[in-house]
Amino acid sequence: MVRTALEEAELYQCGLNPFKVVFCETIPGRISAVRQIEPQLHVDSDGDVISDLSRFIPAVAHVNQSMSSSSYELASNTRRIRSLEELL
């Protein structure tokens, strides 16, 4: 599902390396993996993950189709987007 969305958004053609896309089942596992990898950008749909990682990652994008306000304040390095296409 996610890989298909990345393909449909033509992100691989824009330079995203498919071998560097990482997935994780649990929220604590996702947070831990992202912190270990230290990416320049993290994209997620979970507000708790976004809130936690915004302290450690240079740029964070919260995919939120409804664009509803969440229970947390957006950090200066965080932006709320409706879809992956908005990152391009």
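## Cysteines and disulfides

A disulfide is taken here as a pair of cysteine sulfur atoms within 2.5 Å. By that rule, the count of disulfides in this structure, which is a predicted model, comes to zero. Two of the cysteines can be described by their accessibility: C14 has a relative accessible area of 56% and is therefore classed as exposed, while C24, at 33% relative accessibility, counts as partly exposed.

## Salt bridges

Side chains of opposite charge can pair when their charged atoms come close. The structure holds two salt bridges. One of them joins R30 and D44, whose closest N and O atoms are 2.9 Å apart; this pair links distant parts of the chain, since R30 belongs to helix 2 and D44 to strand 1, with their positions 14 residues apart in sequence. The partners fall into separate accessibility classes, for R30 counts as partly exposed at 21% relative accessibility, whereas D44, at 6%, counts as buried. The cut-off for buried is under 20% relative accessible area, so R30 at 21% is not placed in that class.

The other salt bridge brings together the side chains of R55 and D52, with an N to O distance of 2.3 Å. Here the arginine, R55, is exposed, having a relative accessibility of 59%.

## The largest pocket

Rolling a probe the size of a water molecule over the atoms shows where empty space is left. The largest pocket in the model has a volume of about 1200 Å³. Its lining is made up of 32 residues, and those that lie nearest the centre of the pocket are V2, L6, V21, V43 and L84. Helix 1, helix 2 and strand 1 are the elements that give two or more residues to this lining. Sorted by class, the lining residues of the largest pocket comprise 19 nonpolar, seven polar and six charged ones.

## Loops and backbone angles

Most residues other than glycine have a negative phi, and most peptide bonds are trans. Against that background, two glutamates deserve a look at their backbone. E10, found in the loop between helix 1 (2-8) and helix 2 (27-37), has a positive phi near 60°. E38, in the loop between helix 2 and strand 1 (41-44), likewise has a positive phi, of about 55°, although it is not a glycine. With a relative accessibility of 60%, E38 counts as exposed.

The loop between helix 2 and strand 1 also holds Q40, which is exposed at a relative accessible area of 61%. When neighbours within four places in sequence are left aside, Q40 is in contact with I57, P58 and A59. Between Q40 and F56, which are 16 residues apart in sequence, the C-alpha to C-alpha distance is 10.0 Å.

## The segment after strand 3

L88 lies in the segment that follows strand 3 (78-81). At 58% relative accessibility L88 is classed as exposed, because the class of exposed residues begins over 50%. Not counting residues up to four places away in sequence, L88 touches A9 and L11. The separation between L88 and P39 is 49 residues in sequence and 17 Å in space, taken from C-alpha to C-alpha.

Definitions and conventions. Residues numbered from 1 in each chain as written. Predicted model: local features only at pLDDT ≥ 70, side-chain atom pairs only at ≥ 80, totals over all residues. Heavy atoms only, no water. Helix = DSSP H or I, 4+ residues; strand = E, 2+ residues; numbered from the N terminus. Buried < 20%, exposed > 50% of the residue type's maximum accessible area, 1.4 Å probe, protein only. Contact = heavy atoms within 4.5 Å. Salt bridge = Lys/Arg side-chain N within 4 Å of Asp/Glu carboxyl O. 1 Å grid on protein atoms, 1.4 Å probe; cavity = no way out; pocket = protein on both sides within 12 Å on 5 of 7 lines; lining within 4 Å. Points joined across faces, edges and corners; volume = space filled by probe spheres on them. Nonpolar A, V, L, I, M, F, W, Y, C, P; charged D, E, K, R; others polar.
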